[in-house]
Amino acid sequence: MEVGYSNTVVLRHVKQALEDLLAGNVCLTEGVREVVQWGWSNHGLNEELFRPFVGVDSETDRFPVGRVRELWATDALAKADEERIAAEDHYREWVMESANILLAAVSAALPTSTFTDPASN
(Lines give C-alpha, C1' and ligand atoms only; values in the text may rest on other atoms or scores of the structure.)
Protein backbone atom coordinates (compact mmCIF):
# COMPACT_ATOMS: atom_id res chain seq x y z
CA MET A 1 0.00 0.00 0.00
CA GLU A 2 1.28 3.45 -0.91
CA VAL A 3 1.56 5.99 1.89
CA GLY A 4 0.28 9.49 1.16
CA TYR A 5 1.48 11.32 -1.91
CA SER A 6 4.99 11.64 -3.34
CA ASN A 7 6.19 14.65 -1.36
CA THR A 8 9.45 16.01 -2.78
CA VAL A 9 10.79 17.15 0.60
CA VAL A 10 10.17 13.76 2.23
CA LEU A 11 11.67 11.87 -0.70
CA ARG A 12 14.78 14.05 -0.61
CA HIS A 13 15.22 13.33 3.09
CA VAL A 14 14.74 9.59 2.56
CA LYS A 15 17.25 9.70 -0.30
CA GLN A 16 19.84 11.51 1.84
CA ALA A 17 19.32 9.09 4.74
CA LEU A 18 19.77 6.11 2.41
CA GLU A 19 22.87 7.60 0.79
CA ASP A 20 24.41 8.30 4.22
CA LEU A 21 23.64 4.75 5.31
CA LEU A 22 25.04 3.16 2.15
CA ALA A 23 28.18 5.33 2.25
CA GLY A 24 28.82 4.47 5.90
CA ASN A 25 28.51 8.11 6.99
CA VAL A 26 26.43 6.92 9.96
CA CYS A 27 26.33 3.65 11.84
CA LEU A 28 23.73 1.17 10.64
CA THR A 29 21.52 1.72 13.69
CA GLU A 30 21.45 5.48 13.26
CA GLY A 31 20.89 5.18 9.51
CA VAL A 32 17.98 2.81 9.95
CA ARG A 33 16.39 5.17 12.48
CA GLU A 34 16.65 8.07 10.07
CA VAL A 35 14.99 6.08 7.27
CA VAL A 36 12.20 4.93 9.60
CA GLN A 37 11.55 8.51 10.74
CA TRP A 38 10.73 9.52 7.17
CA GLY A 39 8.81 6.31 6.47
CA TRP A 40 5.86 7.65 8.45
CA SER A 41 5.56 10.72 6.20
CA ASN A 42 3.96 11.31 2.79
CA HIS A 43 6.40 9.54 0.51
CA GLY A 44 3.96 7.94 -1.94
CA LEU A 45 5.89 4.67 -1.91
CA ASN A 46 4.83 1.16 -1.02
CA GLU A 47 5.08 0.93 2.76
CA GLU A 48 6.55 -2.56 2.47
CA LEU A 49 9.79 -0.98 1.25
CA PHE A 50 10.22 0.44 4.75
CA ARG A 51 9.45 -2.75 6.69
CA PRO A 52 13.04 -4.07 6.85
CA PHE A 53 14.10 -0.77 8.41
CA VAL A 54 11.23 -0.81 10.90
CA GLY A 55 12.14 -4.36 11.90
CA VAL A 56 15.83 -3.62 12.39
CA ASP A 57 14.97 -0.41 14.24
CA SER A 58 12.83 -2.46 16.61
CA GLU A 59 15.69 -4.88 17.20
CA THR A 60 18.24 -2.11 17.82
CA ASP A 61 16.17 0.55 19.57
CA ARG A 62 17.90 -0.06 22.91
CA PHE A 63 21.28 1.12 21.61
CA PRO A 64 22.35 4.71 22.20
CA VAL A 65 23.37 6.75 19.16
CA GLY A 66 23.90 10.45 18.67
CA ARG A 67 23.98 12.93 21.54
CA VAL A 68 22.35 10.56 24.04
CA ARG A 69 25.68 8.70 24.16
CA GLU A 70 27.07 11.61 26.17
CA LEU A 71 24.72 10.68 29.03
CA TRP A 72 25.92 7.08 29.31
CA ALA A 73 28.62 5.78 31.64
CA THR A 74 31.75 4.68 29.77
CA ASP A 75 31.57 1.02 30.81
CA ALA A 76 27.85 0.74 29.97
CA LEU A 77 28.45 2.44 26.63
CA ALA A 78 31.26 0.03 25.76
CA LYS A 79 29.01 -2.96 26.50
CA ALA A 80 26.12 -1.47 24.50
CA ASP A 81 28.45 -0.70 21.58
CA GLU A 82 29.70 -4.28 21.55
CA GLU A 83 26.12 -5.56 21.36
CA ARG A 84 25.15 -2.93 18.77
CA ILE A 85 28.04 -3.82 16.50
CA ALA A 86 27.13 -7.51 16.67
CA ALA A 87 23.51 -6.72 15.80
CA GLU A 88 24.58 -4.43 12.96
CA ASP A 89 26.85 -7.12 11.56
CA HIS A 90 23.94 -9.57 11.67
CA TYR A 91 21.56 -7.25 9.77
CA ARG A 92 24.03 -5.39 7.52
CA GLU A 93 23.59 -7.38 4.29
CA TRP A 94 19.79 -7.29 4.48
CA VAL A 95 19.70 -3.58 5.35
CA MET A 96 22.09 -2.64 2.54
CA GLU A 97 20.13 -4.67 0.01
CA SER A 98 16.89 -3.09 1.25
CA ALA A 99 18.49 0.37 1.13
CA ASN A 100 19.43 -0.07 -2.51
CA ILE A 101 15.91 -1.22 -3.39
CA LEU A 102 14.32 1.70 -1.53
CA LEU A 103 16.80 4.17 -3.05
CA ALA A 104 15.83 3.00 -6.54
CA ALA A 105 12.14 3.53 -5.70
CA VAL A 106 12.85 6.99 -4.28
CA SER A 107 14.92 7.98 -7.31
CA ALA A 108 12.12 6.82 -9.63
CA ALA A 109 9.47 8.76 -7.68
CA LEU A 110 11.35 12.05 -7.29
CA PRO A 111 10.86 13.38 -10.85
CA THR A 112 7.08 13.23 -10.53
CA SER A 113 6.88 14.24 -6.86
CA THR A 114 5.28 17.45 -5.62
CA PHE A 115 5.67 19.83 -2.69
CA THR A 116 1.93 19.85 -1.97
CA ASP A 117 -0.81 17.27 -1.87
CA PRO A 118 -2.24 17.08 -5.41
CA ALA A 119 -5.60 15.99 -3.97
CA SER A 120 -6.01 19.33 -2.19
CA ASN A 121 -6.08 21.32 -5.43
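These legends walk you through close-up views of one predicted model. Local features need pLDDT of at least 70 and side-chain atom pairs count only at pLDDT 80 or more, while totals for chains, interfaces and linings use all residues. Residues are numbered from 1 along each chain as its sequence is written, and side-chain values use heavy atoms, with hydrogens and water left out.

**View 1. The largest nonpolar core.** A nonpolar core is a set of buried Ala, Val, Leu, Ile, Met, Phe, Trp, Tyr and Cys residues joined through side-chain atoms within 4.5 Å. This one has 23 residues, and V14, L18, F53, V95 and L102 touch the most other members. Two or more residues come from each of α1 (8–23), α2 (28–39), α3 (51–60) and α4 (74–109); helices are DSSP runs of H or I, at least four residues, numbered from the N terminus. The biggest giver is α4, with eight residues.

**View 2. The neighbours of L18.** Leaving aside residues up to four places away in sequence, L18 touches V35, F53, A99, L102, L103 and V106. Contact here means heavy atoms within 4.5 Å.

**View 3. L11 in helix α1.** L11 counts as buried because its relative accessibility is 0%; buried means under 20% relative accessible area (1.4 Å probe, protein chains only). Beyond residues up to four places away in sequence, its contacts are S6, H43, L45, V106, A109, L110 and S113.

**View 4. The buried side of α3.** Look for P52, F53, V56, D57 and T60, which are buried in α3. They share one side of α3 because they cover an arc of only 130° around the axis, taken from the directions from the helix axis to the C-beta atoms. Their cover includes α1, α2 and α4.

How values were computed:
Buried means under 20% relative accessible area, exposed over 50%, partly exposed in between (1.4 Å probe, protein chains only).
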